[in-house]
Structures are given as C-alpha cells and as structure tokens.
Amino acid sequence: MEKIIDIDVQKLLSTLLYNPEDPVLFNSAFFFYFFALFLLCYLLFSGSKKGRVWVFTLFSLYFFYKACGYYVGLVILSAIVDFNLARWLHQAQRRSLRVFLLVFSIVVNIGLLFYFKYTDFFIGIINEVTAGHIRPLHLLLPIGISFYTFENLSYTIDVYRREIPPVDDFMDYLFFLSFFPKLMMGPIVRAADFIPQISQRYYLTAEDIGTGMYLIISGLFKKMVISDFIYLNFVQYIFDDPSKHTGLECLLGVYGYALVIYCDFSGYSDMAIGIARWTGFRIPPNFETPYRSASITEFWRRWHISLSSWLRDYLYIPLGGNRKGKVRQYINLALTMLIGGFWHGASWNFIFWGGLHGTALALDKVRLTWLKRSGMVFSGWGAILLKGLGILLTFHFVCFCWIFFKAATFHDAWALIHQVAYDFQPEIWKELYLGYRTVFALMLLGFGLHFLSASGGQHVMEKALARVPVWGSVAILVIFIWLLIQVKTTQPMIPIYFQF
Amino acid sequence: MPANNRSAHPFYIIAGTMVCLLALSSVNNSFSLQGYRFRKVDLLADIKKEIPARISKQRPLAQKPAPDTLHATDSLQAAQMPAHTRPSYDFMTYTGIQENFDTASAGMQHFLQALQELKEGKRRKVRIAYFGDSMIEGDLITSDLRDSLQAIFGGAGVGFVPVTSIVAAFRGTIRHTFSDNWTDYHFKNNPPEDVLLGLSGHAFFPEAESWAKYSPVQKRRLDRFKRVSVFYGPVAGNCNVAINNKVYTLTGTAPLNELSLRQDTLQRSVLLQYAGGEPLPFYGLSFESDTGIYVDNFSFRGISGVELGKLRSRMLQQMQRSHPYDLVVLHYGANVLFRPEATDYSWYQQLMQRVLASLRSNWPRTSFLIVGTADKAYKKADHYVTAPGVPALLKVQHALAQEHGTAYWNLYAAMGGEGSMTHWVEGDTILANKDYTHFNRHGAARVGALLYKAIMDEFKQEVHPYSGSY
C-alpha cells in the first residue's frame, strides 16, 4: 500500500496562496477545508455580532485573495468609497450636492468596472475604426467585480432615494460586500435585504438545515453532474467548430447548452443560497424553473432574478420605465436589455444577445397590451394549448439567442445556424445516440426534472432532509460526494465526427 | 444556546463528512464492480508528495541525443556539409524536414529541384498533392501553405476541388455549391467493382440536371479563375456537359481525362452541368493559372491513410500523365489515435506499408513527405496531457518514412512537443479545439506557416548548399 499521509509542505503552502490557474470553486477539495474551518471559527465567535462580522469578513477576504490575488484590495477600496459616499449622501441636504455625490459614486463604480472589463473591447473598436495600433491592456478581470459593482450602486442609489438609511459600521458594509458565498457568481444581493440580517443572532432551525442541505446538494448535482458532464462531453465540441457537425448535432448542442448554462448558473446560485442559509442568511431565489415560462416577459421574471430585478429598479425605471408613453417604454426595454447583454461580457455577441431579448420583450409588451385591450380570455383546453405553445416558442427563442451568447464569434454562430437549416442530416440519429448515450440520458433527466418536477417536490425533500439526524446527513453527503467524484473523473468522451 | 438552535449542525455535518472522506482517502478505495472500475476518492491529492513517475518505456528512444537548438543552426551546419554526411537527427525533437535516410532514394530531391527549375523559369508548374483527414478539411493548413508558396514561386488558383463536398460551405478559398442529385461513391461506401475512385477518394455520377457551381473569393490570388480543368472518367458512348451554358462533348477514353478550358474573362463563376448522354464518373475541377505552384487539398474525414490503398494503379498512373504531382504529402494520425493510451501501432505500420509501396511504385519520380501526427492530448486525472499513443505513432510513421525513403516532418515536435496541444487549446491565443485534436483556423494557419518554413529551409540548403544565404 502506498504511504498516504505523506504531505508535501511546499505544496500545502502553495495551495493556500493565490493561483491564477486554479480558481476556488465550491466543488473543490480546497473549499471543503475552507468551509469546515470557517464554520468552526464562526461558531466559536457566534455569540457576539462583532465576532461574527469579523470572522466572516476575514474569511471572505481570504477567499477573495485566494480567487483573484491582490485584486482583493479593490473590494476593500470600493467598500471604503461607497460606505463614505452613502453617509455623506444621507447627511447632505442640498440637492445639487446629493446629485453630485450620486454621480460621483456611479462614475467611480462604473469606471472601475469599465476599466477592467471593457477597455480592451473599446481599444479594439478604436483600432478597427481608425486602423490604429493601440495596444490592448490584457487585464485580468477581478473576480466578482460585475456583481459587487452592482451591489455598491444599488446601495448608494437606495440611500440617495432615501429608501434606506446608510450603514453605521464600516465592517458591516465590508461584510455585506465581501460575503463569500455570493462572491463569484452572485446572486446580486441588495444591502436593504442583507444588512438587517447581520445583527440577528446565529440561530438555525431544522428547516434551515434541511433547506440549506437541499440547496447545496441540488446545486452540486446541477453543476457537476448535469452541466459539467454535458458540456465537456458534447456541447463544447459542437460550439468549438459547428461546421464540423451535422445540423442535428448542432441543434442538440444548442438544447444541451440551454441546460448547461441553466444548471451551471442556477446550481451555483443554489449553492450560494444554501451556504448562506447555513450561516444564518436568507437570500431570495435567483432562478425559478425559467424554461417553463410561456412568454419572454415571464422568462425574465424567472431567469437570473437578482440581475433582472436590478436592471428593472436601477436602469429601466430611472430611464422612464412605462411612464413616458408606449414608444419610450419599448425603447427603454430594448436599451435595458442591450446594457444587460453588455454586462455579461465585453463582446458584440453579448450585445447582440441583449438586443434580441430587448426586442422580444418590447414585442411581447405590444402583444400584452393588445390582449388587455381586446379583453380576450382563454380557458380550458384552449388556454392549456396556448400555454404549451407559448412555452415551446419561448424556449426556442431563448435557445436561438443562446447560440449568439455562447458562440465565440458571429461567424461560428451563423455556421451553426447554417448547419441546422441546410445540413440537418436526421438519418444519423442512431449513430449519434449510440455515441453519446450518457449525455442524452443526462439531458433527458435534466429537462425532465426541469419541466415535470412538481413545485411541492422541493418542499417535501427539504422537509425530509430537515428530519435527518446529523450522522444521517453526513452519510448522505459522503455518498453524494463519492458519486460526484466518480462522475468528475470519468474519461471525457472523444467527439465523433460523422462522415456523411 | 437553546436546545432547538441547530446552528452547530452545519459544522458537524461538514466536519463529519470531511473526516469520513479523509478516512476513505487513506485506504485504497477504488474497486471494480461488474467490470466497471470505480475511481479512488482522495481528498489530499493536491497536497500529497508526488510519487516519481516511472520512466515510460514507450517513449521511443532517440537515435542520437541532439540539442533542441539544432534546428536553429542546422541551415548553417548543413550548408557546410555534403548532404549525405549531414548529422543524424533525433526524429522525436527535430523540427525540420528529415531525409537523411540510409536508403538511397529521392526524399525531397525531385521536388526541391522542381522548385528550383520553376524559380529559374525552366519549368512552368510544380504541384503538391496534400492528402489528409479532417485536420485539413475546408482547405485548412493547405490554404496557408499554398498562399505562402505562391507568393514566392508564383501561381494563382486554389487547385483541385471535388464535385461535391461536406465542407463546401466552410471552405474559405472558393465558393462552391452543387445539386444534391450526384451519386457519390467513395472510400467508405463500398463502390461497385468497376467504379474507379479519384485521388480525392470520390467518384461522382451525375443524374439529369446535376450541377456544381464554383465562384472565386475576394482573396489574393483567388479572386478570379484563369484555367479550369474538368476531370472525368472514360467515355464509352456519348456524354455532354455544359460549362457556363456552353455544351461540350466529352471524348476521353483513358481511365482519367481532362477537359481544360481557359476561363471566359466575362464570367466570374464556373457552372458545370451534366447535359445528357451516358453517365460517367466526374472527379472534380482544378483551378490554376499558366505557371506557378499549386497545392491540391485532398481531405477525407475520418480516415487513417490506409484507405489510399484503394486507389488503383490505372488512376494513379493516368493522373501522373495528365496532371503530374512533384510532391505528395501524407498527413494522418488523428484517426489512428482513437484510443489515446494504445501504444501498439504495428497494425497501422503493416497496412501503410502496402499503401506506400503502391504509391511509390506508381509515382516513382515524385517526392513524398510523411507528416508525423500532431500532438493530441487527453484528460488524465484532471489535466490534459499528451496521449501516450502520440510518440508511439510518431515512431511508426518515422519508420515508414525510413523504409520507403520518404521525407519526414514531425508536426508534434514543430508544435512544441510534449504538452503542446494543451497549450494550443488553453493558451491566450486559442489555436486548437476542445477535442484537443483539431486545429482551428488560427492553429491551422500556424501549422501551414511551420511547414512552409520547414520546406523553405530545405530548399535553401539543397539549392544553395555553399552560399548559406538566400
């Protein structure tokens, strides 16, 4: 038997340091140790608010450091700036000063985000237009900056609107901003929801334990079993070079990607919400089975809720929302989505993706207005049929948009669409099925759970998990993680290139 | 703490799970069940001391250890030595073209001489037939090689294009559309005994109103057609085709015939239509100008090169009479490495020996270049590493080159050797696809440039052995 406890101290130390090639993920062994140690310290200091805040903040900042090195300074810096700006905003009475402070906050926050995320994109455009040779900066994007920038903004805007009072204690604000469960992939948390929970004592009911456990397990399952597996073994091959694959493969690749992005993103959100719940914080759900939406308007109420509600409250409504006439409303919608698309990344693909959704939302508003005016109401089979059609149509529209979201270039996106339209080759279905059996089984499982699971199902599971004793939970988690490791370490399937 | 406060439970659950998993990690917990091997759980893998890996015996040993810098200085060294006493290279690391084999055979000799004659105006054309699999589909690699060579040696035109192609829509060097009623016999669908496959591995039979249309693209040297050749099989009775609506009666009776036309300067495109008569096989069209160098892309998805054995002597010899090639490049490997950990490729060696013997005997004067497989990575314990099959296959390919006196170029070494595919996929500039096998457009351009450089280095040495500068 090989020697087991032969630990390499050098390696152990280097594991504790920032490594740009190895970001921390909730599904890593590192996070496991980190989380255990954190829970121990948190528990030890849970008696006092100050203890909880300091322990949580220090662990969060370390987590930040581990994920993105000295960019952790940006979080602290932006916390200092916005904490103070909000206080001055609150004290100031003169309108002009208040406006100035608000604008200053927006400029600083958006400026930072722009500098890191979009500079190269605009340098590219300038180079293109002027045939110039400005050298791109190649900056590493500080992890989480898109999320905490929006959190900072919602905070200062809320204080400006006098909807909430500013936070008294700087550490509370830093705690809110750096809260590690939501660090990398959101959800975007509002200070108004979060800050009041800080002073509540650390008290968990059986239901909290059950719900947290359910969210963590289902999140890991979505992310590692469904999303990662389908992506690595099928979807990435298709999007890598759509022209090498038949239309049928491309179409299934797009369906696969729809599941991958949902499970990846919502799985991560679930884990964040579950972990937060175990530490005594409630964060509202970020996804509510979005592909079951019967219209694009509904979709955006159920997809990445923390972002879409942020865009609504801090962009769409300030732009005028629906208060300035129909035409302005449509323009506002389109603009909001365009910016929302750009938020996802610095490329024309994301802008185009946002534009498609914005246009669809505006058209859907026209439809809704028309329905309201005509007073048409469907019931019985007609309503069910219409809803089914709506779901089918919405799902396919969203899938169509994902092509642009995922494809590396417009060229690739059009190549994929070309294959589906002109080179479908349905006759290869059998070989395809035999080649990727496991992938398709998982896709079926994923979509099956998404479309068919009853909303009460989750509740029943949470209840059941709440009743399980500690040793039972340990057993469940051990077996589950063993299963995850089996899935994670399987040899990736080698892609099939169909001859004809 | 009140009795019903469960705030300690998360810690108990996580700590308990961790202890169990650590305990599990300390025993060898991998086991097999009904033939399926379950993998080991090891929570300490990241921080354990690495057990030094046993030195792999599969890696072919170098003939002679050569410094990595050899390729940087070789043109100088080689320049001062007659060809036959050149240093022997380590075929696993040398990034130039290797042709220092014992067999007194042509290597690249004929081709390099042809290039020189072309350069001096003693010869009008030089042709390269570049055979490969999906790695060169859509004119990848070949388009870059062609462009670079034509820039130096002249010539304009994309060369051979088949009648139909699965990648026509994505070929950036010509616009190509066709009707869907051509019957395509090819390497993989067991053509009838009497059907003679063309060099591309296909033979296309028309039906009423079958057509294929070709248009030039807005690229250097590809933006207009000058000379168009149609390749077709023997005519037994009477067969007509229309080219840009002008009807021609085909008369050739050889296994392969060529209808060569000068492109009407008023027409941009070429529309080939079957215009009745006895159906006979069509092979494709060739787009060249009157002089210069041409690189014909013969890609066939999913093959290992063994399939070239299906090309008949009659076809090969006739091709060489009417449309001669000076260099044949054989670029295969991706489809041989379908099991990344397999290292025995003697089966491949045996099958390819027959193919090479046939090609060599039918085209005795032509130079041959075997391109050793590109690096291919596979996932092993969370990381993508070079498949053990890669060096094993390279060894076999090198042995084939040696045995048949062909030149050899190690693409794997040129890419950067061990682990290079992982860099090509994961680097800042993405050069290859996530299957860790295929190049993307940028990667293919780089390979084309590397091969061009290797050929030019060879050309400079051969043609001006004593001057050292060119």
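This passage walks through the predicted model of chains A and B, taking domains first, then cores, then a few single residues.

Chain A splits into two parts, with domain 1 covering 15–203 and domain 2 covering 207–488. Their C-alpha centres sit 26 Å apart. Where the two meet, 23 residues of domain 1 of chain A are in contact with 23 residues of domain 2 of chain A. On the domain 1 side of that meeting, α5 (95–130) and α6 (145–160) of chain A each put in at least two residues. The biggest giver there is α6(A), with five residues. Sorted by class, this side of domain 1 of chain A comes out as 14 nonpolar, six polar and three charged residues.

Helix α9 of chain A, running over residues 206–240, deserves a paragraph of its own. The helix has a kink of about 55°, centred on A:Y231. It is also mostly covered, as 31 of the 35 residues of α9(A) are buried. That ties in with the largest nonpolar core of the model, which holds 122 residues. Within this core, the members that touch the most others are A:F176, A:I226, A:I230, A:V235, A:L259, A:M271 and A:W402. The largest share of the core comes from α9(A), at 19 residues. Since domain 1 (15–203) and domain 2 (207–488) of chain A both contribute residues, the core lies between them. As for A:F176, setting aside neighbours within four places in sequence, this residue is in contact with A:A191, A:F194 and A:I195. Such grouping fits a broad pattern, in that nonpolar side chains tend to be buried together in soluble globular proteins.

One more residue of chain A is worth a look. A:F38 belongs to helix α2 (residues 29–44) of chain A. This phenylalanine counts as buried because 24 C-beta neighbours fall inside 10 Å, against a cut-off of 20 or more. A:F38 and A:N286 are 248 residues apart along the chain, and their C-alpha atoms are separated by 25 Å.

Turning to chain B, its secondary structure adds up to ten helices and 21 strands. The chain has 470 residues, of which 45% count as buried. Contacts in chain B often bridge long stretches of sequence: among those between residues at least 6 apart, 76% join residues at least 24 apart. A nonpolar core of 115 residues, apart from the largest one, includes B:Y214, B:F225, B:I370 and B:Y408.

The domain assignment of chain B gives a domain 1 in two segments, 68–155 + 292–470, and a domain 2 spanning 160–290. The C-alpha centres of these two domains of chain B are 28 Å apart. Across the boundary, 25 residues of domain 1 of chain B are in contact with 23 residues of domain 2 of chain B. The elements that supply two or more residues to the domain 1 side are α4 (142–153), β16 (292–299) and α5 (313–322) of chain B. Of these, α5(B) provides the largest share, five residues. By class, the side of domain 1 of chain B that touches domain 2 of chain B divides into eight nonpolar, eight polar and nine charged residues.

On the annotation side, an unreviewed UniProt entry lists residues 287–445 of chain B as "domain: SGNH hydrolase-type esterase". Over that stretch of chain B, the chain is 38% helix and 21% strand. The C-alpha atoms at the two ends of the stretch are 22 Å apart.

Two residues of chain B stand out for their backbone angles. Most residues other than glycine have a negative phi. B:N244 is not a glycine, yet has a positive phi of about 50°. This asparagine is placed in the loop between β11 (239–243) and β12 (246–250) of chain B. B:N244 counts as partly exposed because 17 C-beta neighbours lie inside 10 Å. B:Y436, likewise not a glycine, has a positive phi of about 55°. The tyrosine B:Y436 lies in the loop between α9 (420–426) and α10 (441–463) of chain B. B:Y436 is buried, because 24 other C-beta atoms lie within 10 Å.

Definitions and conventions. Residues numbered from 1 in each chain as written. Chains lettered and ligands numbered in written order. Predicted model: local features only at pLDDT ≥ 70, side-chain atom pairs only at ≥ 80, totals over all residues. Domains from an automatic or database assignment. Contact = placed C-beta atoms within 7 Å. Helix = DSSP H or I, 4+ residues; strand = E, 2+ residues; numbered from the N terminus. Nonpolar A, V, L, I, M, F, W, Y, C, P; charged D, E, K, R; others polar. Bend = angle between axes of the 7 residues up to and from the residue. Buried ≥ 20, exposed ≤ 12 C-beta atoms within 10 Å, placed from the backbone. UniProt positions renumbered as here; feature names shortened; annotations may be inferred. Core = buried A, V, L, I, M, F, W, Y, C linked by C-beta atoms within 7 Å.
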